[in-house]
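Biologist: I would like to go through this model with you, beginning with its internal space and then turning to its charged side chains. Shall we put it on the screen?

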Amino acid sequence: MDKKWLPLTVVLGAAGVAVVTASLWPDDEEKAPLPQSLCHGALSRETAELIDDGQGGEVSTEEWESKGKTTDFAVFKACHVLRAGPDSDSPRGVYSLLVEDTRSAPYNKKGAVPLGPGFTGWALPDRAEVTLPAGCAARMGSTAPYITASLEVPSQDEKRLARLEEERPVDPDTATRDNATLMREVATRLAERYDCAA
């Protein structure tokens, strides 16, 4: 190659790299969309949005898990579902979901609504619980007999509302229905994920 063309070749080569780099790293980087699967795969985004504290806001989650020291208690998956309000930069906790192994047999909570055919569990406005199908504990690495998922919704807690002199953000029947829907999805999705459906 003629030496007089060499500088031009280097410049064009560098420009090509710059174009590739620009296409990989755009100046106005878009925010990544919220994953469709939340709380360790237990909830879809749509179902996670069912429960609200009356203040609205975009849904996000904080998730963590740990394993016990024995195979009896090898499952502990927790998730806080948050909502970011328009007037605040920091998201607020709306409800929490806990999936864990247990030796306690399923029970019916007094005054609670059953989750319906095919599900072992109950729902109240502020709490709910479901027991996963029998084979799930072994599939999830536990020797405990049961895996339960439990839900807590502080904004519906009667004692807390009375102490703060606040009204319920959602009527109890709607809150109970939403909690039951959420727990049915938790049981279904986790059983599918671990291939332990009844």
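Biologist: By class, how many nonpolar, polar and charged residues does the lining of the largest cavity have?

Modeller: This is a predicted model, and the count comes to one cavity of 30 Å³ or more. The lining of that largest cavity is formed by Cys 39, His 40, Ala 42, Lys 77, Ala 78, Cys 79, Leu 97, Val 99 and Leu 190. Sorted by class, these residues come to seven nonpolar, one polar and one charged.

Biologist: About how much space lies in the largest cavity?

Modeller: Rolling a probe the size of a water molecule over the atoms shows where empty space is left. For the largest cavity, the space found in this way is about 40 Å³.

Biologist: Which element gives the most to the lining of the largest cavity?

Modeller: The elements that give two or more residues to this lining are S4 and strand S5 (92–102). The one that gives the most, with three residues, is S4.

Biologist: Lys 77 belongs to that lining; with which side chain does Lys 77 meet in a salt bridge?

Modeller: Lys 77 sits in strand S4 (residues 76–84), and the pair links distant parts of the chain, since the partner lies in strand S3 (residues 58–65), 12 residues apart. The N to O distance in this salt bridge is 2.7 Å, and the partner of Lys 77 is Glu 65.

Biologist: Of Lys 77 and Glu 65, which is buried and which is partly exposed?

Modeller: Buried means under 20% relative accessible area, and exposed means over 50%, with partly exposed in between. Glu 65 has a relative accessible area of 49%, so this residue is partly exposed. Lys 77 has a relative accessible area of 13% and is therefore the buried one.

Biologist: How many residues apart in sequence are the parts that the pair Asp 195 and Arg 139 ties together?

Modeller: The side chains of Asp 195 and Arg 139 meet in a salt bridge with an N to O distance of 3.7 Å. Asp 195 lies in the segment after helix H5 (172–193), whereas Arg 139 is in helix H3 (residues 136–139), so the parts tied together are 56 residues apart.

Biologist: Are Asp 195 and Arg 139 buried or exposed?

Modeller: The cut-off for this class is a relative accessible area over 50%. Both Asp 195 and Arg 139 fall in that class, which is exposed.

Biologist: How many salt bridges does the structure hold?

Modeller: Besides the pairs already discussed, Arg 45, Glu 49 and Glu 58 are linked in a network of salt bridges. The side chains of Arg 127 and Asp 126 also meet, at 3.9 Å from N to O. For the structure, the number of salt bridges is eight.

Key
Residues are numbered from 1 along each chain as its sequence is written. This is a predicted model: local features need pLDDT of at least 70, side-chain atom pairs count only at pLDDT 80 or more; totals for chains, interfaces and linings use all residues. Side-chain values use heavy atoms; hydrogens and water are left out. A salt bridge is a side-chain nitrogen of Lys or Arg within 4 Å of a carboxyl oxygen of Asp or Glu. Helices (H or I, at least four residues) and strands (E, at least two) are DSSP runs, numbered from the N terminus. Buried means under 20% relative accessible area, exposed over 50%, partly exposed in between (1.4 Å probe, protein chains only). On a 1 Å grid over the protein atoms alone, a cavity is a set of points where a 1.4 Å probe fits but cannot get out, and a pocket is an open set with protein on both sides within 12 Å along at least five of seven lines; lining residues have an atom within 4 Å of a point. Grid points are joined across faces, edges and corners, and a volume is the space filled by probe spheres set on the points. Ala, Val, Leu, Ile, Met, Phe, Trp, Tyr, Cys and Pro count as nonpolar, Asp, Glu, Lys and Arg as charged, and the others, Gly among them, as polar.
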